[in-house]
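Let's walk through this model together, starting with the overall picture and then zooming in on a single pair of side chains.

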Amino acid sequence: YCLIHFYKRNNVKEVGMNDSPESEVAASWLECSIYQNYTASEVLVQGLAGVVNQKDVELIVRAQKKMLQRFEKTNEMLTNVNSLSATRLERAQQDFKKHSQVVDGMKKDLEYIFKKIRQIKGKLSAQYPEAYSLATQGKSEIVGEEDDEYDVMIREKKIAAAKAASATADTSTEDTRAADKATAASSSSAEATLK
């Protein structure tokens, strides 16, 4: 809108047109030809270009360039961190695999050792029963390794669960016995009634 008025003021006066009706027709024709050469969006952009301060636009462009540089640096740093993390994760996975193989080997070795110990105990108890019984009696007097708090909690939970299961079993057996007695009593009373 501002550009059109500016164009009207400057170009129409330069051509030397006066305020006659013919000059108005020429001005309107000139205005229509301007609109015919541009799309509506281009006319809007040209109108806004006259309104916006160029210094502000330059400041915005500079700020955007600075932000772009910062984002590029940040992106590069994150790429480096990702690649470094990937290599360290690969190393850690390899180490973990090796360690788990070692632990599996140790477990198999310990199982074999305990199996052999049980076999030796069995042979000793068969060959020397008196000496073996004397040796195992002293075993109960030996104080075992001190349990930590988690072992104690697990043991207490198992004991409580066993007590609850036995109490439930006792209750159900008592209920069953009472039901059997009631059934027997009712059947005997029914038989007595029939006689």
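A residue counts as buried here when its relative accessible area is under 20%. By that yardstick, 3% of the 195 residues in the chain are buried. The accessible surface adds up to about 17800 Å², and carbon and sulfur atoms account for 60% of that.

Keep in mind that this is a predicted model, so how confident is the predictor, going by the mean pLDDT of the chain? That mean is 76, with 61% of the residues at 70 or more.

Now for the fold. The chain has six helices and zero strands, so reading from the N terminus you get α-α-α-α-α-α. Confidence varies among these elements: helix α1 (residues 2–15) has the lowest mean pLDDT, 48, while α4 has the highest, 94. Over residues 12–18, pLDDT stays under 50, and the model gives that stretch seven contacts beyond four places in sequence. Where pLDDT is low, the predicted coordinates shouldn't be read in detail.

Helix α4 is also where the charged pair sits. Side chains of opposite charge can pair when their charged atoms come close. Which residues form a salt bridge here? Arg-62 pairs with Glu-58, and their closest N and O atoms are 3.9 Å apart. That falls within the 4 Å cut-off, so the pair counts. The structure holds one salt bridge. Both partners belong to helix α4 (residues 54–127), and they are four residues apart, or about one turn of the helix. As for its surroundings, Glu-58 has a relative accessible area of 42%, which means it is partly exposed.

Technical notes:
Residues are numbered from 1 along each chain as its sequence is written. This is a predicted model: local features need pLDDT of at least 70, side-chain atom pairs count only at pLDDT 80 or more; totals for chains, interfaces and linings use all residues. Side-chain values use heavy atoms; hydrogens and water are left out. A salt bridge is a side-chain nitrogen of Lys or Arg within 4 Å of a carboxyl oxygen of Asp or Glu. Helices (H or I, at least four residues) and strands (E, at least two) are DSSP runs, numbered from the N terminus. Buried means under 20% relative accessible area, exposed over 50%, partly exposed in between (1.4 Å probe, protein chains only). Accessible areas come from the Shrake-Rupley method with a 1.4 Å probe; for residues, only the protein chains shown count as cover. pLDDT is the predictor's confidence in each residue, from 0 to 100. Contact means heavy atoms within 4.5 Å.
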